[in-house]
Amino acid sequence: MTLDSGLVRARGALSSLFLLHGFVAASWVARIPAVSEGLGLGAVVLGTVLMGNMAGSLLGGFTSGGLVDRFGSRRVAQLAALAGLGALLSLALLPSAALLLVGLVVYGLVMSYLNIAINAQATALEARYGRPIFSTFHALWSLGALVGALSGAGLAGLGLEPWLHFALVGLVGAATVGVGGRWLLETPVPPIRRVFALPTGPLLFLGLMGLCTAISDGSIPGWSGVYLRSLGAPESVAAMGFAVHQSVMLLGRLSGDWLAARYGAVRVVRFGALFGGLGLGLGVLSQSVEGALLGIACMGWGMATLFPMMFAAAANTPGLTPASAIASVSTMSTLGGLVGPILLGTVAEVGGVRSSFLLAAVLAGVVSWLAFSLSSYRPRG
């Protein structure tokens, strides 16, 4: 199949926005300690303030589908990317906890808009290609997050102020949007638009899968370091847990499109989630640092393709635009990200961090069972 140069340029432009989204998100996470210390925030206040990001993401989930349908994914992606860069810079300049909370709501909102817009673009582009390419875009998000985290740590180590760090990110990001944004696809604006599509029917099962994944796979960033330390790992090794998870997930997403084309999305996610859950469960039961790291790697590989395939499957929902359907399942995943820390923290308080990971392994098994809901994932040419 011969692709015209417009599709190739559109894919390159969209790839740059997935990279940018991951890079911006990780840049903020890397500088949370510095921003918190600059404002003198205690642990309880910081935890409350950080909820603003999740609140903004939820609000974005409820409104992004209608926004993309009204103005088109290309325009929303461009404007949301620029707004996200501006919101990131503001987080380093706000002078109080209350204003930082508001700033994080805005940041979470515009980053959610960018997320839905670029995934809607990916749906349209995959349809033009006529073969799976969705997972590769999410691999680039993971790569952007990895680079953002490493560069953020490096700049923090050099003593660079967060506002200057974020200003540099803004300059690079604005250039990326300015150069690549014009090559994004023009997507049709539907005559009938919804503000928000409730996840019913097939979308409900996809949303439940996203919710369980957000809790299960989301246990790694929050708890891997704590668990490894409880096993006696030095701090340098404990800090590697999330890096191992993200590195393996990147490799899994790079191979995801080939696996989906060869075996189908249902089998890839079903066996991947089962592999991840069993690997994490056995790794935790080994009660060794090496076993835990291996289990974390298994989870990263096994769950790598779930979100790209879930979004692609949702986009094929009859009677809904891709943006509305993606926003619907994304909102349930965001709810999982909100509920997960509370649920896993409660379990850890009662039965220890090991119990939290075992719960995450069980939820991966639930994801494996729910893989049947991905049967609608068929790239259309």
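Is phenylalanine 311 buried or exposed? Before I answer, please keep in mind that what we have in front of us is a predicted model. In this model phenylalanine 311 is buried, with a relative accessible area of 5%, and phenylalanine 307, at 19% relative accessibility, counts as buried because the cut-off is under 20%. These two residues are four apart in helix H13, which covers residues 306–314, and are therefore separated by about one helical turn. Their ring centres lie 6.2 Å apart with the planes at 45 degrees, so the pair is tilted.

Let me turn to the other aromatic residues, where the count comes to seven aromatic pairs. One of them joins tryptophan 28 and phenylalanine 166, a tilted pair with 6.5 Å from centre to centre and 55 degrees between the planes. Tryptophan 28 belongs to helix H1 (residues 5–39) and phenylalanine 166 to helix H6 (residues 162–180), so this pair ties together parts that are 138 residues apart in sequence. Tryptophan 28 is buried at 4% relative accessibility, and phenylalanine 166 is buried at 1%. There is also an aromatic cluster formed by Phe205, Trp369 and Phe372.

Finally, I would like to look at aspartate 217, which sits in the loop between helix H7 (202–216) and helix H8 (219–230). Aspartate 217 is buried yet has no salt bridge, the nearest side chain of opposite charge being that of arginine 253, 6.4 Å away. Its side chain does, however, make a polar contact of 2.8 Å with the side chain of histidine 245. Leaving aside neighbours within four places in sequence, aspartate 217 is in contact with His245, Met249, Met299 and Met303.

Technical notes. Residues are numbered from 1 along each chain as its sequence is written. This is a predicted model: local features need pLDDT of at least 70, side-chain atom pairs count only at pLDDT 80 or more; totals for chains, interfaces and linings use all residues. Side-chain values use heavy atoms; hydrogens and water are left out. Buried means under 20% relative accessible area, exposed over 50%, partly exposed in between (1.4 Å probe, protein chains only). Lys and Arg count as positive and Asp and Glu as negative; His and the chain ends are not counted. A salt bridge is a side-chain nitrogen of Lys or Arg within 4 Å of a carboxyl oxygen of Asp or Glu. A polar contact is a pair of N or O atoms within 3.5 Å; within protein, one must be able to donate a hydrogen and the other to accept it, and residues adjacent in sequence count only if both atoms are side-chain atoms. Contact means heavy atoms within 4.5 Å. Rings of Phe, Tyr and Trp (its six-membered ring) pair if their centres lie within 6.5 Å; planes under 30 degrees apart count as stacked, over 60 as edge-to-face and the rest as tilted.
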